[in-house]
Amino acid sequence: MLDFNRRAQKMETATFGMGCFWGPESQFGQYPGVIHTRTGFAGGTTAEPTYRNMGDHTESIQIAFDPSLLSYEDILRIFWDSHDAVKDRSYKGRQYLSQLIVHSTEQLESAQKVKSEWEKQNGKRIGTEIHYDLPFYPAEDRHQKYFLKRFDKAMDTLLPLFPDHTSFVYSTITARLNGFVRENGRLSDIKEEIGDWQLSEEAETVLRDMLQYIRW
Ligand code: MHO
């Protein structure tokens with residue numbers, strides 16, 4: 001099968017929660033430095049969380065990104081600018097907490113730096129829970145690329161491009177389109193960006209054709 005993922009110089013992981021995970025998966029899917037996205041649960045202690053049985057976990061997303069295109073610090077600035085991390089978000093248990101899981105001491109240092117810059121600029125204290133390298137449990141299929149899946153006609157065109165659901169979820173093009181359907185990013189920008197993904201000639205042709213004839 002063809003590989004539709006943007007080729008990355010380096011790959012890094014970022015994991016965070018900021019409310020219902022459908023929205024941030026769509027938002028972060030639009031950025032050119034993001035290689036793929038997925039939704040899941042993190043930050044708790046209960047085993048094998050699911051949507052109906054989340055235990056003490058928080059709805060989260062995990063993204064793979066290329067730090068030479070989008071830095072971790074930029075991701076953190078977007079994260080804190082895009083949700084209310086100041087108010088008490090615990091009224092729904094821990095489901096919608098503001099939470100950041102850092103995966104290295106470098107990420108922890110960046111988090112402390114960007115957090116205090118944001119607090120100084122905005123004159124408010126951030127209440128985000130920051131944890132070191134806790135596991136991330138992917139959510140059920142129906143919660144992956146949730147908004148994109150509302151478009152049946154488009155899905156009829158997209159699904160046959162992938163050998164299985166996992167490759168559908170872990171792809172750059174579905175991350176971007178899941179952004180586009182919520183007005184996070186434009187189709188014309190995706191078409192332009194694809195030239196930089198370093199795909200095989202065949203994969204690039206298939207994607208460009210798909211973007212011509214896909215209907216919403
Ligand atoms: N129950 C809300 C949010 C879902 S989100 C996956 C809704 O249906 O919109 O928590």
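**Close-up 1. The residues around the ligand are Cys 20, Phe 21, Trp 22, Tyr 51, Glu 59, Gln 95 and Tyr 96.** Welcome to the first view of this predicted model. The shell around the ligand divides into five nonpolar residues, one polar and one charged. Oxygen atoms of the ligand take part in the polar contacts listed here. A polar side-chain atom of Tyr 96 lies 2.7 Å from a ligand oxygen, and an N or O atom in the side chain of Glu 59 is 2.7 Å from an oxygen atom of the ligand. For Tyr 51, a polar side-chain atom lies 3.3 Å from an oxygen atom of the ligand. Taken alone, the ligand exposes 310 Å², and the protein buries 61% of that.

**Close-up 2. Strand E2, residues 34–42, is shown with its partners E3 and E6.** Nine of the nine residues of E2 are buried, so the strand is largely enclosed by the rest of the structure. E2 pairs with strand E3 (residues 58–65) in the antiparallel sense, over eight bridges. To find your place in that pairing, look for Thr 37, which stands opposite Ile 63 in E3. The pairing of E2 with strand E6 (residues 136–138) is antiparallel too, over three bridges. Here a handy landmark is Gly 40, which stands opposite Pro 138 in E6. As a reminder while you follow the strands, side chains in a regular strand alternate between the two faces of the sheet.

**Close-up 3. Helix H1 (22–29) is seen among its packing partners.** Six of the eight residues of H1 are buried, so this helix is largely enclosed by the rest of the structure. The buried ones are Pro 24, Glu 25, Ser 26, Gln 27, Phe 28 and Gly 29. They pack against strand E1 (12–18), E2, E3, helix H2 (72–81) and H6. Trp 22, which falls within the range of H1, may be familiar from the first view, as it is one of the residues around the ligand.

**Close-up 4. Helix H6 is mostly covered, with eight of its nine residues buried.** Those buried residues are Thr 172, Ile 173, Thr 174, Ala 175, Arg 176, Leu 177, Asn 178 and Gly 179. Their packing partners are H1 (22–29), E2, helix H4 (152–158), helix H5 (165–169), H7 and helix H8 (201–213). At the start of H6, a side-chain oxygen of Ser 171 reaches to within 3.4 Å of the backbone nitrogen of Ile 173.

**Close-up 5. Thr 172 is found in helix H6.** Thr 172 counts as buried because its relative accessibility is 0%, where the cut-off for buried is under 20%. Not counting residues up to four places away in sequence, Thr 172 touches Phe 4, Asn 5, Arg 6, Val 34, Ile 35 and Trp 197. With one of these neighbours there is a polar contact: the side chain of Thr 172 reaches the backbone nitrogen of Arg 6 at 2.9 Å. If you would like a distance to check on screen, try Thr 172 to Asp 189: they are 17 residues apart in sequence and 13 Å apart in space, C-alpha to C-alpha.

**Close-up 6. Asn 184 lies in the loop between helix H6 (172–180) and helix H7 (187–193).** Although Asn 184 sits in a loop, its relative accessibility of 18% means that it counts as buried. Leaving out residues up to four places away in sequence, Asn 184 touches Ser 26, Gln 27, Gln 30, Arg 176 and Gly 179. Two of these names should ring a bell from the view of H1, where Ser 26 and Gln 27 are among the buried residues.

**Close-up 7. Ser 98 lies in strand E4, residues 98–102.** With a relative accessibility of 5%, Ser 98 counts as buried. The side chains of Ser 98 and Thr 128 are joined by a polar contact of 2.7 Å. Leaving aside neighbours within four places in sequence, Ser 98 is in contact with Gly 17, Phe 79, His 83, Ala 85, Arg 89, Thr 128 and Glu 129.

**Close-up 8. Glu 48 and Asp 133 have positive phi values without being glycines.** Glu 48 lies in the loop between E2 and E3, and its phi is about 45°. Glu 48 is exposed, with a relative accessible area of 68%. Asp 133 is found in the loop between strand E5 (129–132) and E6, with phi near 50°. Asp 133 is partly exposed, at a relative accessible area of 43%.

Key: Residues are numbered from 1 along each chain as its sequence is written. This is a predicted model: local features need pLDDT of at least 70, side-chain atom pairs count only at pLDDT 80 or more; totals for chains, interfaces and linings use all residues. Side-chain values use heavy atoms; hydrogens and water are left out. A residue is near a molecule or strand if one of its heavy atoms lies within 4 Å of it. A polar contact is a pair of N or O atoms within 3.5 Å; within protein, one must be able to donate a hydrogen and the other to accept it, and residues adjacent in sequence count only if both atoms are side-chain atoms. Accessible areas come from the Shrake-Rupley method with a 1.4 Å probe; for residues, only the protein chains shown count as cover. Ala, Val, Leu, Ile, Met, Phe, Trp, Tyr, Cys and Pro count as nonpolar, Asp, Glu, Lys and Arg as charged, and the others, Gly among them, as polar. Helices (H or I, at least four residues) and strands (E, at least two) are DSSP runs, numbered from the N terminus. Buried means under 20% relative accessible area, exposed over 50%, partly exposed in between (1.4 Å probe, protein chains only). Contact means heavy atoms within 4.5 Å. Two strands pair if DSSP finds at least two bridges between them.
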